[in-house]
Amino acid sequence: MHPKALLDACADLLRRTLAFEHPADALLSRHFRENRHLGPRERATLAETTYHVLRHKRLLEHLAQSGQGPHARRLAILGFQGDARFLQSALNDSEAQWRAACAPLLPGGAQWSSLPEPQRHNLPDWLAQRLREQLAAQGQADAFWPLVESLNQSAALDLRVNTLQGKRDAIAQELRAAGLTLEATPYSPWGLRLQGKPALQKLDAFQRGAIEVQDEGSQLLALLLDARRGDMVADFCAGAGGKTLALGAAMRNTGRLYAFDVSAHRLDALKPRLARSGLSNVHPIAIAHERDERIKRLSGKLDRVLVDAPCSGLGTLRRNPDLKWRQSPQAVRELTLKQQAILQSAARLLKPGGRLIYATCSLLEEENEAIAHAFDAAHGDFTALNASALLEGLKVPHAASLCSPPPAAAGQTQAEAPPATTSATASTGRFLRLWPHQHGTDGFFAAVWQRQR
């Protein structure tokens with residue numbers, strides 16, 4: 001594609017994305033389906049430019065005020081992610097001079113640190129304030145900037161090895177032989193972390209179901225449920241089924257695993273993944289709502305229930321930067337009501353001795369700890385379990401460092417932090433709390449209970 005045409009395509013895609021009428025990933029997928037003539041480099045430039053502008057929207061819109069021409073084109077020029085010489089050939093003289101003048105203020109530029117805070121953290125004001133207050137209350141005020149800087153980076157590509165198909169070391173060796181650069185994830189025993197964004201669909205390991213794309217944090221949620229051979233288990237908000245597949249493999253394809261979701265469309269996305277996985281113990285079921293009759297019939301019968309509740313998704317901003325502009329305090333308040341209702345309905349499924357997990361990919365306390373404490377107060381028949389102790393029992397490295405409150409000092413990663421003592425773990429490690437800047441995962445939360453009667 002000619003440089004000018006590619007820049008125009010970037011601007012047009014940004015114009016549609018910034019209307020926020022559809023999620024950015026869905027809009028990009030549709031655009032690429034409708035423009036199959038685009039090559040890999042053109043697709044990468046379009047996608048990476050779009051996500052870069054979404055990540056740094058406040059800064060780039062601030063700088064764009066000094067330029068001329070259509071607004072979306074100015075943003076595309078400032079946020080272009082591709083060969084600099086290619087971009088230069090698409091600009092007229094005044095545009096080239098303007099971009100050169102802005103360059104020191106762009107991320108990584110010599111004058112970037114002189115910008116006002118909103119142009120550096122690139123969060124909506126309400127979210128920046130919420131995160132600052134929350135971190136300060138936890139004694140981690142210094143973690144605000146490391147956190148927002150990590151949220152403005154793209155996420156690594158994590159894979160989960162399907163242990164029904166092979167061991168992690170053997171699959172890693174196969175992928176390296178295929179030319180991929182990777183390493184084992186530091187916490188999940190199933191995970192591999194890749195460099196770059198290779199075309200996985202062409203690999204034999206992918207086609208036969210030996211690997212699935214899944215963030216390490218999501219893998220840890222499935223591990224924490226500790227579903228076992230012969231169990232009856234429900235993934236209550238299964239979506240496209242990433243954790244469902246991990247649970248099915250952990251159960252060694254035995255027992256019965258229900259994948260519930262209110263979206264039949266999302267469950268449809270599970271079907272090809274399920275076929276590749278080799279699992280036969282998974283039963284996808286579309287439900288009308290959390291009180292569906294098909295749910296009620298299972299009341300008191302299940303050994304394990306995972307509630308990965310609908311949430312703001314603000315722990316996934318590295319992958320979905322548009323969410324920070326699509327969410328609002330009102331939307332979060334509405335989500336918390338839904339989260340409480342879903343958790344209450346899911347809890348009825350557990351038999352005495354059964355394990356319940358409530359999880360989100362949100363960073364906000366009102367979607368996490370507040371929901372867990374409200375459940376504690378309303379359900380005396382459930383006992384809270386200590387996530388740190390459970391992960392230690394599952395031999396997860398540095399298990400205590402994955403649980404609240406995060407013990408690492410500013411500038412120290414959790415992998416570097418020393419393991420907590422048994423007494424400290426018992427008193428401080430109730431919740432799983434994963435942070436992008438500390439653990440290299442998406443932001444995740446999990447609370448665990450056992451039903452007593």
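A residue is called buried here when its relative accessible area is under 20%. By that cut-off, 55% of the 453 residues in the protein chain of this predicted model are buried.

**Figure 1. Overall view of the predicted protein chain.** The chain contains 22 helices and 12 strands. Its radius of gyration is 23 Å, close to the 22 Å given by the globule rule for 453 residues, so the chain is as compact as a globular protein of that length. Along the principal axes, the C-alpha atoms fill a box of roughly 75 × 50 × 40 Å. Among contacts with a separation of 6 or more, 73% are made by residues 24 or more positions apart.

**Figure 2. Surface and charges of the protein chain.** About 19500 Å² of the chain is exposed, and carbon and sulfur atoms supply 51% of that area. The chain carries 55 positive and 45 negative charges, and the mean positions of the two sets are 5 Å apart.

**Figure 3. Helix 5 and its surroundings.** Helix 5 spans residues 71-79, and eight of its nine residues are buried, so the helix is largely enclosed by the rest of the structure. The buried residues are Ala72, Arg73, Arg74, Leu75, Ala76, Ile77, Leu78 and Gly79. The elements that cover them include helix 1 (3-17), helix 3 (40-55) and helix 4 (57-64). Helix 6 (84-88) and helix 7 (93-102) also belong to this cover.

**Figure 4. The aromatic pair of Phe144 and Trp145.** The structure holds seven aromatic pairs. One of them joins Phe144 and Trp145 in an edge-to-face arrangement, with 5.3 Å from centre to centre and 80° between the planes. Phe144 has a relative accessibility of 1% and therefore counts as buried.

**Figure 5. The aromatic pair of Phe236 and Phe260.** The ring centres of Phe236 and Phe260 are 6.1 Å apart and the planes stand at 70°; planes over 60 degrees apart count as edge-to-face, so this pair is edge-to-face. Phe236 lies in the loop between strand 5 (232-235) and helix 14 (242-250), while Phe260 lies in strand 6 (residues 256-261), so the pair ties together parts that are 24 residues apart in sequence. Phe236 and Phe260 are both buried.

**Figure 6. The ring cluster around Phe236 and Phe260.** Tyr258 joins Phe236 and Phe260 in a cluster linked by ring pairs.

Conventions. Residues numbered from 1 in each chain as written. Predicted model: local features only at pLDDT ≥ 70, side-chain atom pairs only at ≥ 80, totals over all residues. Heavy atoms only, no water. Helix = DSSP H or I, 4+ residues; strand = E, 2+ residues; numbered from the N terminus. Rg over C-alpha atoms; globule rule 2.2 N^0.38 Å. Buried < 20%, exposed > 50% of the residue type's maximum accessible area, 1.4 Å probe, protein only. Contact = heavy atoms within 4.5 Å. Areas by Shrake-Rupley, 256 points an atom, 1.4 Å probe, with all protein chains shown as cover. Lys, Arg positive; Asp, Glu negative; His and termini not counted. Charge placed at Lys NZ, Arg CZ, Asp CG, Glu CD. Phe/Tyr/Trp six-rings, centres within 6.5 Å; stacked < 30°, edge-to-face > 60°.
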